[in-house]
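Reader: I have a structure to look at and would like to work through it in questions and answers. Where should we start?

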Amino acid sequence: MNHVFPVYLALVNIVAFHFYRIDKQRARKGQWRIREDQLVMLAMIGGGIGALLAMRLFHHKTRHVKFTVLVPLFTLAWCFFAYMLYF
């Protein structure tokens, strides 16, 4: 069980990072976008670090209060959960 949790977090953060990157690319091209609730959900299920990195790197969703509040909040919650699980 101890090795499954870090692998899960790594994968969900990679997925979150790429979803935010893809959404930014589509926004620039005026194409179909990924729904905002799906992007927030990725942070909620553990992909907050990947989402935060993508938000900063691609300057994506940084003006939306929903993202600037919820993504860091979910990230802190997951960090606390990981801390409690391992320490």
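Reader: How many salt bridges does a search of the whole structure find?
Author: The model is a predicted one. To count here, a side-chain nitrogen of Lys or Arg must lie within 4 Å of a carboxyl oxygen of Asp or Glu. A search of the whole structure with that criterion gives a total of 4.

Reader: Which residue meets the side chain of Arg33 in a salt bridge?
Author: Arg33 sits in the loop between α1 (4–29) and α2 (36–58), and its partner is in helix α1, 10 residues apart from it. The N to O distance in this salt bridge is 3.0 Å. The partner is Asp23.

Reader: Is Asp23 buried or exposed?
Author: A residue is buried when its relative accessible area is under 20%. Its partner Arg33 has 32% and is therefore partly exposed. Asp23 has 0% relative accessibility, so Asp23 counts as buried.

Reader: What is the N to O distance in the salt bridge of Asp37 and Arg35?
Author: Asp37 has a relative accessible area of 40%, so this residue is partly exposed. The side chains of Asp37 and Arg35 meet with N and O separated by 2.5 Å.

Reader: With which residue does Glu36 form a salt bridge, the closest N and O atoms being 3.2 Å apart?
Author: Glu36 belongs to helix α2, while the partner belongs to helix α3 (residues 65–86), and 30 residues separate the two along the chain. Glu36 is partly exposed at 26% relative accessibility, and the partner is partly exposed too, at 38%. The partner is Lys66.

Reader: Which residues do salt bridges with shared partners join into one network?
Author: The pair of Glu36 and Lys66 links distant parts of the chain. Salt bridges that share partners bring in a further residue, Lys61. The network is made of Glu36, Lys61 and Lys66.

Reader: Which pattern does the chain follow along the sequence?
Author: The chain has 3 helices. The number of strands is 0. Read along the sequence, the pattern is α-α-α.

Reader: What is the radius of gyration of the chain?
Author: For 87 residues the globule rule gives 12 Å. The value for this chain is close to that, so the chain is as compact as a globular protein of that length. Its C-alpha trace spans about 45 × 25 × 20 Å along the principal axes. The radius of gyration is 13 Å.

Reader: What percentage of the 87 residues in the chain is buried?
Author: The area that the chain exposes is about 5900 Å², and carbon and sulfur atoms supply 70% of it. Counted by residue, with under 20% relative accessible area as the cut-off, the buried part is 32%.

Reader: Are α2 and α3 roughly parallel or roughly perpendicular to each other?
Author: Two packed helices are described by the angle and the distance between their axes. The axes of α2 and α3 come within 8 Å and cross at roughly 80 degrees. Angles of 65 to 115 degrees count as roughly perpendicular. The two helices α2 and α3 are therefore roughly perpendicular.

Reader: Which residues in α3 are met by residues in α2?
Author: On the α2 side the residues include Glu36, Leu39, Val40, Ile49 and Met55. On the α3 side they are Lys66, Phe67, Thr68, Leu70, Val71, Pro72, Phe74, Thr75 and Trp78.

Reader: What is the phi of Lys61?
Author: Most residues other than glycine have a negative phi. Lys61, in the loop between α2 and α3, has a positive value although this residue is not a glycine. At 8% relative accessibility Lys61 counts as buried. Its phi is near 65 degrees.

Reader: Is His59 buried or exposed?
Author: His59 lies in the loop between α2 and α3 and has a positive phi of about 50 degrees. The cut-off for exposed is over 50% relative accessible area. His59 has 59%, so His59 counts as exposed.

Reader: How far apart in space are Ile14 and Gly47, C-alpha to C-alpha?
Author: Ile14 lies in helix α1 and is partly exposed, with 46% relative accessibility. In sequence, Ile14 and Gly47 are 33 residues apart. In space, the C-alpha distance is 7.6 Å.

Definitions and conventions
Residues numbered from 1 in each chain as written. Heavy atoms only, no water. Helix = DSSP H or I, 4+ residues; strand = E, 2+ residues; numbered from the N terminus. Buried < 20%, exposed > 50% of the residue type's maximum accessible area, 1.4 Å probe, protein only. Rg over C-alpha atoms; globule rule 2.2 N^0.38 Å. Areas by Shrake-Rupley, 256 points an atom, 1.4 Å probe, with all protein chains shown as cover. Axes fitted to C-alpha atoms, helices over the stretch in contact; angles between N-to-C directions. Parallel < 35°, antiparallel > 145°, perpendicular 65-115°, else oblique. Contact = heavy atoms within 4.5 Å.
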